[in-house]
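Got your viewer ready? Keep the selection box handy, and we'll walk through this one stop at a time.

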Amino acid sequence: MFHHLISSALLLLAEEGGSPAAGESIELGGVALDKREQVDGEWRAGTCRITTPLPVGYPAPTVPGAIELKSYPAVRKAEATAALGPEIGRNLAFWKLFKHIQNREIAMTAPVEMRLDTAKDDSTTLDGWKMAFLYRETTMGNLGEDGEVAVVDDEPITVISIGVKGDYSTDRALSEAEAL
């Protein structure tokens, strides 16, 4: 997922000892992160609100306009795909995932994850995608296939994150990734 766009930047930061600790972030540019605050369990940045809990150990959400290097911990998640392109298919995937967590009485967390895989030779050509609901804790639920949903564990990962506000589209996501 955009690995070819960011791998050299991550390597450079890691060589300089700049990688954040698990669940932490380092501000790289854009809007100042001091505009972000947590009040009564809700993340706020201006008019933006995230009222749903993050998975345990997750770093704070990226403020719209900010760019951060973030280290995410291991996470358990339920993921789904649809045969249709992501603009239409994500609605189908969302409801598969919602039914999965509802039937198991698993509370929804933020964020809903969309992984867009691009072709290795062209960062603007979509090569596949997945949507996932992240479990609050890595000990919740059972791993494996569950109908049209797969419950999997992801290893810790360090990423470059850009905060974006507004409507979501695949074109916009690819454009923001290219800007990074």
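What follows is a short tour of a predicted model, going from strands to core to charged side chains.

**Stop 1: a small run of strands**

Start by selecting β2 (36-39), β3 (42-45) and β4 (48-50). These make an open sheet of 3 strands in the order β2-β3-β4, and the pairing is antiparallel. Which strands sit at the edges? Those are β2 and β4, each of which pairs on one side only. If you look at how the strands lie against each other, neighbours in this sheet are turned by 25 degrees on average, direction ignored.

Now zoom in on β2 and β3, which are joined by 4 bridges. Pick Val 39 and look across to β3: its bridge partner there is Glu 42.

Keep Glu 42 on screen and add Arg 49. Their side chains meet in a salt bridge, 3.2 Å from N to O. Is Glu 42 buried or exposed? Glu 42 is buried, at 16% relative accessible area, while Arg 49 is partly exposed at 43%.

**Stop 2: a hairpin**

Next, select 144-146, which is β9, together with 149-154, which is β10. The two strands pair in the antiparallel sense over 3 bridges, and Glu 145 stands opposite Ala 150 of β10. They form a hairpin with 2 residues between them. Click on Gly 147 in the turn: this residue has a positive phi of about 70 degrees.

Strand β10 has another partner to show you. Add β6 (75-80) to the selection; β6 and β10 pair over 5 bridges, in the antiparallel sense. One pair to highlight is Lys 77 with Val 152, its bridge partner in β10. Remember Lys 77, as we'll come back to this residue.

**Stop 3: the nonpolar core**

Time to show side chains. The largest nonpolar core has 16 residues, and the members that touch the most others are Ala 78, Leu 97, Trp 129 and Met 131. Which elements give two or more residues to this core? They are β6, α2 (86-103), β7 (112-119), β8 (122-134) and β10.

Center the view on Met 131 and switch on its contacts. Leaving out neighbours within four places in sequence, its contacts include Ala 78, Ala 80, Ala 93, Phe 94, Leu 97 and Val 112. Charged residues are in contact with Met 131 too, among them Glu 79, Arg 90 and Glu 113.

Apart from this core lies another, of 9 residues; to find it, select Trp 43, Ala 60, Tyr 72 and Ala 110, which are among its members.

**Stop 4: a charged network**

Back to Lys 77, as promised. How many salt bridges does the structure hold? There are 11, and Lys 77 takes part in the two that we visit here. In one of them, its side chain meets that of Glu 79 at 3.8 Å, N to O. In the other, Lys 77 is joined to Glu 113, with the closest N and O atoms 2.6 Å apart. Because Glu 113 lies in β7 and Lys 77 in β6, this pair ties together parts that are 36 residues apart in sequence.

Color these residues by accessibility. Lys 77 is buried, at a relative accessible area of 1%. Glu 79 is buried as well, at 14%, and so is Glu 113, at 15%.

For the last view, add Lys 130 and Asp 154. Salt bridges with shared partners join these two, Lys 77, Glu 79 and Glu 113 into one network.

Technical notes. Residues are numbered from 1 along each chain as its sequence is written. This is a predicted model: local features need pLDDT of at least 70, side-chain atom pairs count only at pLDDT 80 or more; totals for chains, interfaces and linings use all residues. Side-chain values use heavy atoms; hydrogens and water are left out. A nonpolar core is a set of buried Ala, Val, Leu, Ile, Met, Phe, Trp, Tyr and Cys residues joined through side-chain atoms within 4.5 Å. Buried means under 20% relative accessible area, exposed over 50%, partly exposed in between (1.4 Å probe, protein chains only). Contact means heavy atoms within 4.5 Å. Two strands pair if DSSP finds at least two bridges between them. Axes are lines fitted to C-alpha atoms, for helices over the stretch in contact, and angles run from 0 to 180 degrees between N-to-C directions. A salt bridge is a side-chain nitrogen of Lys or Arg within 4 Å of a carboxyl oxygen of Asp or Glu.
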